[in-house]
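I opened this notebook page to keep track of what I looked up, entry by entry, with the coordinates beside me.

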Amino acid sequence: MTTTSPAQAVLSGGDTGWLEDFYQDLHRHPELSHQEHRTASKVAERLGEWDFEVRTGVGGTGVVGVLRNGPGPTVLLRADMDALPVREATGLRYASTVTTDGDSPTPVMHACGHDVHVTCLLGAAQLLAAGTGHWSGTAIALFQPAEETADGARGMVEDGLRSIIPAPDVALAQHVLPLPAGRVATGSGPVLAAADSMRITVHGSGGHGSMPHTTVDPVVVAAMIVVRLQTVVAREVPPGEPVVLTVGSVQAGTKSNVIPDTAVIELNVRTYGEQVRTQVLDAIDRIVRAECVASRCPKEPEFEVFGSFPVTENDHEVTERVTGALQEHFDDVGEMGRWTASEDFGDLPAAFDAPSTYWALGGVDPEGYERAARQGRVAQDIPANHSAKFAPVPQPTLDAGTRGLVVAALAYLKPEADR
Ligand code: ZN
Ligand code: ZN
């Protein structure tokens, strides 16, 4: 006699042959953050076909589908939908040639694989809907806008998400990353960094390049700040604490012999805990202000924080349970480790005070990955997320991503007798 687990029964219960075409269509039609109209309508249409209660326009273009299937826990599965302003260079048959309308057209590409996430969550939604005889509880499929701008999840919460869906007992999500396709990797604790971007305007006093003594040169102040900021990680943060502080942009002046009035610095900080995050942001504030005083700037510097992502903190118990369930269905469940990338997924479970876990999904042709790994050249040879050459292989990526979501959800959505 053979016994079939509920997950096996659900996984074999629907025809997901359409996923690859659907994925390639999404890939060909990427949409920037907050503009995911076409994607959202495709998602809503599918969810409606499978008897989900569907709400659209949540926080702009967000879509939620709720499938109530008897008593039991509520599980939220989340995918992000937005693409990036990148000109695709993958050479794929289904590569994007999309640019935005307007005077300065911007190329658009699914360079972070959110098209994979949308497709897999729809695949999982279909399987859960087809297999309602094998589980009990409530499944929520949430498609959020604008992950890349860090405000899509928060936008849905601020638009009343808490009164639109039942409160989840657990929230789950995944991200396609440069790991071998077919592999999933999980991890407990902080797996993705908190990120903060900051724009700092330094005020000097401009004048003729030949008479610097009549000016306060903001170019020099900005240069001092950039150098001095390197000491935050090197000299202030404990050596075992992973922190990144990158100054990605310095803008000042127009001409070699004109001293400008202002300089603008843009920087980005990655941290794995609230305490160290505050320590680093405070240090930046202190150093910038002190350098301005040291150079006798006529006006206080201005600080504008934008694009703040929370740390992605995986709950230990949820991660153990989901990992155990995944191990029953995948040959290759790895350890996720810490990535310096960032996510706004955490804003969703935080809004409901629900525990969550977030795992990595491989998207790289396994043979190519092994070859690069043997030569120690994964970082150089495998295009990562946000690269113009980022090109997850559709299979087995979509299949693994779909199965992973179903299996993880069913770790909670069990018939009462099995719970
Ligand atoms: Zn991204
Ligand atoms: Zn992403």
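**Entry 1: the metal sites**

I began with the zinc ion (ligand 1), whose site is irregular, the angles among its 4 donor atoms running from 52 to 152°. I kept in mind that this is a predicted model. The label irregular holds because four donors count as tetrahedral if all angles lie between 85 and 135 degrees, and the range here is 52 to 152°.

I then listed the protein donors of the zinc ion (ligand 1), which are C112 through SG, E148 through OE, given twice, and H386 through NE2, lying 2.0 to 2.7 Å from the ion. Along the chain I read their spacing as C-x35-E-x237-H.

Next I looked up the zinc ion (ligand 2), and found it coordinated by C112 (SG), H114 (NE2) and H175 (NE2) at 2.1 to 2.3 Å. The spacing of these donors is C-x1-H-x60-H.

Which residue bridges the zinc ion (ligand 2) and the zinc ion (ligand 1)? I noted that C112 coordinates both, with the two ions 3.0 Å apart. The pair C112 and H386 links distant parts of the chain, C112 lying in the loop between strand 3 (74-80) and helix 4 (114-130) and H386 in the loop between helix 12 (378-381) and helix 13 (394-410), 274 residues apart.

I checked the accessibility of these ligating residues as well: C112 is buried, with a relative accessible area of 8%, whereas H386 counts as partly exposed at 41% relative accessibility. H114, like C112, is buried.

**Entry 2: helix 2 against helix 4**

I turned to the packing of helix 2 (residues 19-28) with helix 4, where the axes are 9 Å apart and meet at an angle of about 150°. I recorded the crossing as right-handed. On the side of helix 2 the contact is made by L19, F22, Y23, L26 and H27, and on the side of helix 4 by D115, V116, V118, T119, L122 and G123. Sorted by class, I have 7 nonpolar, 3 polar and 1 charged residues in this contact.

**Entry 3: A372**

Is A372 buried or exposed? I found that A372, which lies in helix 11 (residues 366-374), is buried, with a relative accessible area of 4%. Leaving aside residues up to four places away in sequence, A372 touches R377, V378, D381 and I382. I also looked up its separation from S295, and the two are 77 residues apart in sequence and 50 Å apart in space, C-alpha to C-alpha.

Note on methods:
Residues numbered from 1 in each chain as written. Chains lettered and ligands numbered in written order. Predicted model: local features only at pLDDT ≥ 70, side-chain atom pairs only at ≥ 80, totals over all residues. Heavy atoms only, no water. Donors = N, O, S within 2.8 Å, 3.2 Å for Na, K, Ca; no water. Tetrahedral: all angles 85-135°; square planar, octahedral: opposite > 155°, others 65-115°. Helix = DSSP H or I, 4+ residues; strand = E, 2+ residues; numbered from the N terminus. Buried < 20%, exposed > 50% of the residue type's maximum accessible area, 1.4 Å probe, protein only. Axes fitted to C-alpha atoms, helices over the stretch in contact; angles between N-to-C directions. Left-handed = near helix turned anticlockwise from the far one by under 90°. Contact = heavy atoms within 4.5 Å. Nonpolar A, V, L, I, M, F, W, Y, C, P; charged D, E, K, R; others polar.
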